[in-house]
Amino acid sequence: MGYVYLTIALVLNALANIFVKMGSGNLIYFKEYGLIGGLLKNYILILGCLLFAFNMVFYVLALSKLSLSVAYPVAMGGTLIIVVLISYFFLKEIITPAQLVGMSLIFAGVVFLTTKW
């Protein structure tokens, strides 16, 4: 069950990062309405922050079942790969060959971390 919680946490973390990125395009609200008013008008940014909060709930649940030395690298590596792929397909960002190599190495590392020998 720990890996289920961890998977949910890393997906929520990745989506939170994407929504915060999308919401950052609406920073004009902060100039018009101030910090609090601008935040309340920026629904995409609010959604990103809420997803970060839900991510923490599932990450804590995952940590109750898994060791930190496994959970943290899997969460960070998995989040990175998901963010890069979503950025490529939905935000039309470019993936360089170096990033592909890096993601492959991260994926291999996550496989090694989670494999019981």
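Helices H2 and H3 lie oblique to each other. Their axes cross at roughly 40 degrees, and an angle counts as oblique because it falls outside the ranges for roughly parallel (under 35), roughly perpendicular (65 to 115) and roughly antiparallel (over 145). The model is predicted. Its mean pLDDT is 89. This briefing covers the two helices, the loop between them, the aromatic pairs and the confidence.

**Helices H2 and H3**

- The axes of H2 and H3 come within 9 Å.
- The crossing of H2 past H3 is right-handed.
- On the H2 side, Phe30, Leu39, Leu40 and Lys41 make the contact.
- On the H3 side, the contact residues are Tyr43, Leu45 and Ile46.

**The loop between H2 and H3**

- Asparagine 42 sits in the loop between H2 and H3.
- The relative accessible area of asparagine 42 is 1%. Asparagine 42 is therefore buried, as the cut-off for buried is under 20%.
- Asparagine 42 touches Gly23, Asn26 and Tyr29, leaving aside neighbours within four places in sequence.

**Aromatic pairs**

- A pair of aromatic rings is described by two values: the distance of the centres and the angle of the planes.
- The whole structure was searched, and 2 aromatic pairs were found.
- One of them joins tyrosine 5 and phenylalanine 58. Their ring centres are 6.4 Å apart, and the planes are 45 degrees apart. This pair is tilted, because its angle is neither under 30 degrees nor over 60.
- That pair links distant parts of the chain. Tyrosine 5 belongs to helix H1 (residues 2–23), and phenylalanine 58 belongs to helix H3 (residues 43–63). The two residues are 53 residues apart.
- Tyrosine 5 has a relative accessible area of 18%, so it is buried. Phenylalanine 58 has 23% relative accessibility, so it counts as partly exposed.
- Tyrosine 88 and phenylalanine 89 also form an aromatic pair. Their centres are 5.0 Å apart, with 80 degrees between the planes. This pair is edge-to-face, because its angle is over 60 degrees.
- Tyrosine 88 counts as partly exposed, at 39% relative accessibility. Phenylalanine 89 counts as exposed, at 51%.

**Confidence**

- A pLDDT of 70 or more is reached by 100% of the residues in the chain.
- Among the elements of the chain, H3 has the highest mean pLDDT, at 95.
- Helix H2 (residues 28–41) has the lowest, at 75.

Key. Residues are numbered from 1 along each chain as its sequence is written. This is a predicted model: local features need pLDDT of at least 70, side-chain atom pairs count only at pLDDT 80 or more; totals for chains, interfaces and linings use all residues. Side-chain values use heavy atoms; hydrogens and water are left out. Rings of Phe, Tyr and Trp (its six-membered ring) pair if their centres lie within 6.5 Å; planes under 30 degrees apart count as stacked, over 60 as edge-to-face and the rest as tilted. Helices (H or I, at least four residues) and strands (E, at least two) are DSSP runs, numbered from the N terminus. Buried means under 20% relative accessible area, exposed over 50%, partly exposed in between (1.4 Å probe, protein chains only). pLDDT is the predictor's confidence in each residue, from 0 to 100. Axes are lines fitted to C-alpha atoms, for helices over the stretch in contact, and angles run from 0 to 180 degrees between N-to-C directions. A crossing is left-handed if the near helix is turned anticlockwise from the far one by less than a right angle, and right-handed if clockwise. Contact means heavy atoms within 4.5 Å.
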